6 protein chains.
Amino acid sequence: MRPSRRAPDELRPVSLERGVVKYAEGSCMVKFGDTHVLVTATLEERLPPWLKGQGRGWVTAEYGMLPRATLERTRREAASGKQGGRTVEIQRLIGRSLRAAVDLEALGERQITVDCDVIQADGGTRTASITGAWVALADCISWMKNRNMLKTNVLRDNVAAISCGIYQGTPVLDLDYAEDSEAETDANFVMTGDGRIIEVQGTAEKTPFSQDEFLALMELARKGVARLVDLQKMAVA
Amino acid sequence: MRPSRRAPDELRPVSLERGVVKYAEGSCMVKFGDTHVLVTATLEERLPPWLKGQGRGWVTAEYGMLPRATLERTRREAASGKQGGRTVEIQRLIGRSLRAAVDLEALGERQITVDCDVIQADGGTRTASITGAWVALADCISWMKNRNMLKTNVLRDNVAAISCGIYQGTPVLDLDYAEDSEAETDANFVMTGDGRIIEVQGTAEKTPFSQDEFLALMELARKGVARLVDLQKMAVA
Amino acid sequence: MRPSRRAPDELRPVSLERGVVKYAEGSCMVKFGDTHVLVTATLEERLPPWLKGQGRGWVTAEYGMLPRATLERTRREAASGKQGGRTVEIQRLIGRSLRAAVDLEALGERQITVDCDVIQADGGTRTASITGAWVALADCISWMKNRNMLKTNVLRDNVAAISCGIYQGTPVLDLDYAEDSEAETDANFVMTGDGRIIEVQGTAEKTPFSQDEFLALMELARKGVARLVDLQKMAVA
Amino acid sequence: MRPSRRAPDELRPVSLERGVVKYAEGSCMVKFGDTHVLVTATLEERLPPWLKGQGRGWVTAEYGMLPRATLERTRREAASGKQGGRTVEIQRLIGRSLRAAVDLEALGERQITVDCDVIQADGGTRTASITGAWVALADCISWMKNRNMLKTNVLRDNVAAISCGIYQGTPVLDLDYAEDSEAETDANFVMTGDGRIIEVQGTAEKTPFSQDEFLALMELARKGVARLVDLQKMAVA
Amino acid sequence: MRPSRRAPDELRPVSLERGVVKYAEGSCMVKFGDTHVLVTATLEERLPPWLKGQGRGWVTAEYGMLPRATLERTRREAASGKQGGRTVEIQRLIGRSLRAAVDLEALGERQITVDCDVIQADGGTRTASITGAWVALADCISWMKNRNMLKTNVLRDNVAAISCGIYQGTPVLDLDYAEDSEAETDANFVMTGDGRIIEVQGTAEKTPFSQDEFLALMELARKGVARLVDLQKMAVA
Amino acid sequence: MRPSRRAPDELRPVSLERGVVKYAEGSCMVKFGDTHVLVTATLEERLPPWLKGQGRGWVTAEYGMLPRATLERTRREAASGKQGGRTVEIQRLIGRSLRAAVDLEALGERQITVDCDVIQADGGTRTASITGAWVALADCISWMKNRNMLKTNVLRDNVAAISCGIYQGTPVLDLDYAEDSEAETDANFVMTGDGRIIEVQGTAEKTPFSQDEFLALMELARKGVARLVDLQKMAVA
């Protein structure tokens, strides 16, 4: 029934490849099926002005899409002179999600910037970004540990994200573009390794949804995130 | 315990005053306690280019904040040359929320633009905006009905929104700024008059939250929205 | 003869309501008939870079118009990415007008920013803004006096402004939109409480005007400003 | 007493050189002493969108300053990404001033754009610009007449402009930079060849001024403009 | 002597991998050693306005760099709001270079946009981009041929590019970053398959160079381009 | 055969007039036939942030074109909100060219900004700009010497630039607009007084060119630059 013939609770093939660019302190090419995102984590010994002198660090994210990551070419944001609303929304989400798993005091007065650049988009770019960003962030923190820059543990838990939606009346996990463009309802869940919620965003694309429907989606997400967290653990092992 | 001495499930005093500016097809000054938002609905016989010729209309929203709506003056976005990420996020949310209650085919090839301008901000500006926007939108549609511009019903249901959060360990309804800035968890719910969900946005500001905590917030929101919908019905009666 | 049936030297009903928003050091909702402007005065302990270390303060103004303050919706300047020429012209005028009445040395190294946001526009938004801005400024200065922040008097005199024009051959005071859009000549006068001139801006919209016509307008303005100054004095009393 | 040793009612040496660039339909290098402005008038067979189909033409102006026209280098507006408030104010003034002397119906559905670029600035750039712009405009209209593009007279009268101010207590004509930066009061007058007023802008830089002072300035301006109009007539003869 | 131990006329290992993203009509991941650029070619049935109705098509290019393609993170151009001067220079060069090998009349009224996004930068990103762009362009044109969209041959010849420079007194081919940052002289050559020159850009970074030095560089470039053209031919075979 | 009837190796009449504006430390009105560029050199006792504290100075350039320097009016870059790609390319070229002739250590921690503003454009604006910029720069350095601000020689050699191209099959020197718009090949050469090369930029506008053609252009350029350097020496003598 799903265009991809997946079972309702089946993720697309997921891969998390580390160390894909040579300069970054952490990097990960994350693939959720045909959605491919290159994530890098950059450590800098400086902070945004409003955070200076508070004994805490910061984790922030930027998101972009190569112009031909999509079926039709999208205008380059650098050329149009500003980041679109969708980009801004997504990069704020990624940043908040990661910060929820980081002990900013333990990080010290430093900033880690996570760049998520979509090479190819087939639905779920924000959830793939978050899932891959955690791996790049973990590698960046390992890099710091190897240089004795950290005294205590900075990363409290895993963070992974997955989308769910109601497609032709059935709750399904990890929407690809063919499903996403037709789904009645679409929700993104960002969760920790121990199953707690960091972010929930549910949107009724067409028809408002009931609480029961929402709980069914949340249950699917819980399963999906658990599997993603396993994959993250294998990747960084 | 709450700084405002409200009960956990108690809204701030809410008022919805219609017809507050003379030119707009619909308008509403909405107050959730000290949060005051002026909403106008503008009907225009034109559509964004990508929607032309499809026999459907559009509802969109813009959001702004007067510079001194806040405790400290915020820089005017017109002067800084762009709308910030938070503004973009909020106005997209308002637009999506309203569209979920409108039959865009029945609207015909026209656009309604809802402007939400925050006169004074004390937490919950996005939920107040959505709740007031529905009233301005309903008045705009009445204005059209009075001119025989619509054949069928355009507005399917009420739409209202409220925030909830976990404040000092207790789930509370309708956070004001004093609570919001300290809450561990913050969620916004946009719901219809019949209790279904249009948008959910939950964010763990500090600690990830459990599913039970989230359900407790949703339950509070359901009550709050029901009361707001009653107030909307009285306002437009 | 005037669309509003006012006498040629008759102002619209004017009101100056103070303390309309809770955070600002000074605020005023000024109404000249159907023209409504919300003015706030913000005190900040910082100066523009070019003014630092000179022992003087600064008063500046910003002006904006809510999108549906006008008969047809105006594009939001924050969305279009810049302030239009008219906005820039008006806010520079407001700033210059207020500074003419302030002893900047006595103010000390601080900045007062006056924000004038037009809620509803029916002609004369710049003159209403200046007249209301003086009230908000006066309240901001009282706020400072109450905290012993000022040693000497900062506000030298009242400042108020009014428009005049030649409408169907007759010089009239305080043009509303219906008159303004048809007037042959349009002039704005900013004057002090003792009747001296701070700013004069006269524009021949259609036909150049004679010196005698100009003097007739100035005479009307003098009367109008005198009445506005009385109203200001009552407002702050 | 004047730094330049001029009499109070004495203009600086004025020259109006026509045909200074080879492509423009009209051009003029105008010099008021050390203030040098290159003006071009460009005819285009197109109109701004809001003016199309009304049987009328348009005259508009743009103003700029070469970076080193001033004592210290000014940042290039093209590099800073926007035109400053002063630039916007001045170019709107020039456009309005010229339009007051043009019969837009007789011009037909065409636009004339007048570009005023300041090569060297020593006070009075806006009045020099307007005075020179009239010459470039007149040449552009002659160019059209020579090609039988106009049926009736388009240019109703001369337009010239001059500044006046109160310098060390004395009303003086045509302020140069040394005077302008110290003047208590500064006013710009745009007038027609028959002595009527198109624009008046008076600003109390330091102290508000009395009506008598203002009338003295207006009298000086009348004399100055009369002389400028004579020079324009000689230039285009 | 070269940091990479290459011979003076030795290219870095070059690879040209086709078909690396699924949506684009043509694509190529080009690697010159550690410089990796992802190139896509997009066919669109539309033209820039100035080219419409002339019976000719257009080929244009855009260039970007992922923020962490470099040793230190570079600010994202989409976030800073404009493309930097270096980006603009490079993308204009790529577009001109490709157009020199395309019969724009034969292409018909269509546009091909080539996007070159640098994944990792180690010197020579513009020459790698051009060399890979030719492959993506060739694949895009094959895609069109397979759909019978072209009557005649569109691609006249191969186009490839290489840098040369004088490093520690010796002319060397294909500078990597370690050499480029120290080279006295740096030149980029864009040439066709038959050895003619499309673009030459030579810059004396430190000391002006003699004609003989320049000819030595050109000779190296000729050899390098010949090898690159061979690799292109193998790639598209 | 050349539209201007010049011999293939004949420059247009060239003039280099110094001291054309009163404030700049150095200035030059350079004319290559009908191409007229006003160049100013500004000395400032400050550096771009990335250069501070290194004991070296900086020379940079900005380039602009008056709107009606061209046959048809070009949109003002200050109004369109950014400098176009061509402008950026040219001003970077001018800056690099001048720096190649300046001993930045000897200059000390100061910046010289060269502004090249095209008053009238008839082809070759960038080569005229560079040639005139050297004169303005030389005058600025003389100004510094006269004030004992420099200990050693700062200007190592002359810098001049000329374009060449293949027009109707013949290599010609110093293209004017009529030639440039039809030339098959276009190259700009920036050279020192002793005949060495600072910058070469050759572009095949239509057909790629052979190495022999390129060498013919270089030979022409060498002659042209030699004559320009003679003119520079006379100008500053």
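This is a short tour of how chain E and chain A meet, ending at a site on chain A.

Before you click, note that this is a predicted model, in which local features need pLDDT of at least 70, side-chain atom pairs count only at pLDDT 80 or more, and totals for chains, interfaces and linings use all residues. Residues are numbered from 1 along each chain as its sequence is written, chains are lettered from A and ligands numbered from 1 in the order in which they are written, and side-chain values use heavy atoms, with hydrogens and water left out.

**Stop 1: the interface**

Select chains E and A together. Contact here means heavy atoms within 4.5 Å, and 37 residues from chain E meet 37 residues from chain A. Between them the two chains bury about 2900 Å², 50% of it on carbon and sulfur atoms; buried area is the accessible area (1.4 Å probe) that two parts lose on being put together, summed over both. Now pick E:Tyr23, E:Arg68 and E:Arg73: this trio supplies 28% of the area that chain E buries against chain A, more than any other three residues.

**Stop 2: charged pairs**

Next, show the side chains of E:Arg76 and A:Asp117. They form a salt bridge, with their closest N and O atoms 2.9 Å apart. The term means a side-chain nitrogen of Lys or Arg within 4 Å of a carboxyl oxygen of Asp or Glu. In total, 14 salt bridges link chain E and chain A.

**Stop 3: the elements behind the contact**

Colour chain E by secondary structure; helices (H or I, at least four residues) and strands (E, at least two) are DSSP runs, numbered from the N terminus. Strand S3 (35–44), strand S4 (58–65), helix H1 (77–80) and strand S5 (111–120) of chain E each supply at least two residues of the side that touches chain A. Of the elements, S5(E) gives the most, with six residues.

**Stop 4: the axis**

How does chain E map onto chain A? A turn of 180° and a shift of 0.0 Å along the axis lay one on the other with an RMSD of 0.0 Å, superposed by least squares on the C-alpha atoms of residues with pLDDT of at least 70 in both. This is the relation of a two-fold axis. Both copies use the same surface, since 100% of the contact residues of chain E recur in chain A. Zoom in on E:Ala78, whose C-alpha, at 1.9 Å, comes closest to the rotation axis among the residues of chain E.

**Stop 5: a listed site**

Finally, select A:Arg86, A:Gly124, A:Thr125 and A:Arg126, which UniProt lists (unreviewed entry) for "binding site"; such annotations may be inferred rather than shown by experiment. These residues span 41 residues in sequence, yet no two of their C-alpha atoms are more than 13.1 Å apart, so they gather at one spot. A:Gly124 sits in the loop between strand S5 (111–120) and helix H4 (125–146) of chain A.
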